[in-house]
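I am opening a notebook on a structure that is new to me. I want to record what I look up, term by term and place by place.

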Amino acid sequence: MANFCKVDQPITEPYHYSECGLDGVFLLNGHRPFSTHYGEGVAIEDEDELLHCIAMSVINRRPIIGGKELRFLRKRMDMTQSELPKVLRTDAKTIARWEKGHTKLSGPADGLIRVLYLLETGEKIEETFLEQLTDLDLDVSSPLRFEDTDEGWKNAA
């Protein structure tokens with residue numbers, strides 16, 4: 001099912017998918033333009049699956065989850081800023097500071113957020129997942145690129 005989002009410019013390849021709240025997310029396909037009475041928009045195919053694919057990419061590639069990524073993951077887990085601190089054993093002000101980018105997540109909180117997302121979504125946690133957290137040193141400035149395939153949304157190489 002497609003979700004419709006209002007855009008101000010015509011669609012060009014790749015589509016900068018800013019509606020997810022993250023910077024640097026681009027769709028190679030799986031979207032189409034449409035017109036409304038309010039202007040031009042874009043339809044995203046299987047948006048919930050795409051958002052899950054983006055979340056999995058975030059938890060598998062970022063060295064320390066940033067504020068926007070934390071907010072994105074928290075919302076994907078359907079948690080509020082007052083619910084997440086209970087799980088992380090901290091306070092709501094700390095969560096707000098992390099999400100605004102005023103302070104960085106601690107290493108333990110970062111790892112717990114990743115595992116929590118996997119648990120919340122029913123994804124299998126590989127035995128080596130926690131060991132792999134120390135190897136997540138990819139460039140955080142590189143864009144995330146996704147394509148809609150016959151098997152669903154995938155991270156594009």
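**Entry 1: terms and ground rules.** I begin with accessibility, where buried means under 20% relative accessible area, exposed means over 50%, and partly exposed is what lies in between, with a 1.4 Å probe and protein chains only. I note that this is a predicted model, in which local features need pLDDT of at least 70 and side-chain atom pairs count only at pLDDT 80 or more, while totals for chains, interfaces and linings use all residues. Residues are numbered from 1 along each chain as its sequence is written, and side-chain values use heavy atoms, with hydrogens and water left out.

**Entry 2: confidence.** I looked up pLDDT, the predictor's confidence in each residue on a scale from 0 to 100, and found a chain mean of 84, with 83% of the residues at 70 or more. For the elements I used DSSP runs numbered from the N terminus, helices being H or I over at least four residues and strands being E over at least two. By mean pLDDT, helix α2 (residues 67-76) is the highest of the elements at 96, and strand β1 (residues 2-6) is the lowest at 46. Over residues 1-11 the value stays under 50, although the model has 35 contacts there beyond four places in sequence, a contact being heavy atoms within 4.5 Å. I remind myself that where pLDDT is low, the predicted coordinates should not be read in detail.

**Entry 3: the chain as a whole.** I counted the secondary structure as 6 helices and 7 strands, and read along the sequence it gives the pattern β-β-β-β-β-α-α-α-α-α-α-β-β. The chain has 157 residues, of which 40% count as buried. When I took contacts between residues at least 6 apart in sequence, 61% of them joined residues at least 24 apart. The exposed surface comes to about 9,300 Å², with carbon and sulfur atoms supplying 51% of it; such areas come from the Shrake-Rupley method with a 1.4 Å probe, and for residues only the protein chains shown count as cover.

**Entry 4: a pair of helices.** How do α2 and helix α4 (residues 92-100) pack? Their axes are 6 Å apart and make an angle of about 120°, where axes are lines fitted to C-alpha atoms, for helices over the stretch in contact, and angles run from 0 to 180 degrees between N-to-C directions. Angles under 35 degrees count as roughly parallel, over 145 as roughly antiparallel, 65 to 115 as roughly perpendicular and the rest as oblique, and α2 and α4 are therefore oblique to each other. On the α2 side I listed Gly67, Lys68, Leu70, Arg71 and Arg74, which meet Ile95, Trp98, Glu99 and Lys100 in α4. By class, this contact has 3 nonpolar, 1 polar and 5 charged residues, with Ala, Val, Leu, Ile, Met, Phe, Trp, Tyr, Cys and Pro taken as nonpolar, Asp, Glu, Lys and Arg as charged, and the others, Gly among them, as polar.

**Entry 5: two positive phi values.** I kept in mind that most residues other than glycine have a negative phi. Asp46, in the loop between β5 (39-45) and α1 (47-61), has a positive phi near 45°, and its relative accessible area of 33% makes this residue partly exposed. Asp78, in the loop between α2 and α3 (84-88), also has a positive phi, near 55°, but at 67% relative accessibility Asp78 counts as exposed.

**Entry 6: the loop between α4 and α5.** Thr103 is found between α4 and α5 (107-121) and, at 36% relative accessibility, counts as partly exposed. Beyond four places in sequence, Thr103 is in contact with Arg97 and Trp98, and its C-alpha atom is 8.5 Å from that of Gly67, 36 residues away along the chain. Lys104 is found in this loop as well, and is exposed at 74%.

**Entry 7: two buried residues.** Is Gly152, in strand β7 (residues 152-155), buried or exposed? At 8% relative accessibility Gly152 is buried, and apart from neighbours within four places in sequence its contacts are Glu49 and Glu147. Arg114 lies in helix α5 and is buried at 0%; Arg114 and Leu73 are 41 residues apart in sequence and 8.7 Å apart in space, C-alpha to C-alpha.
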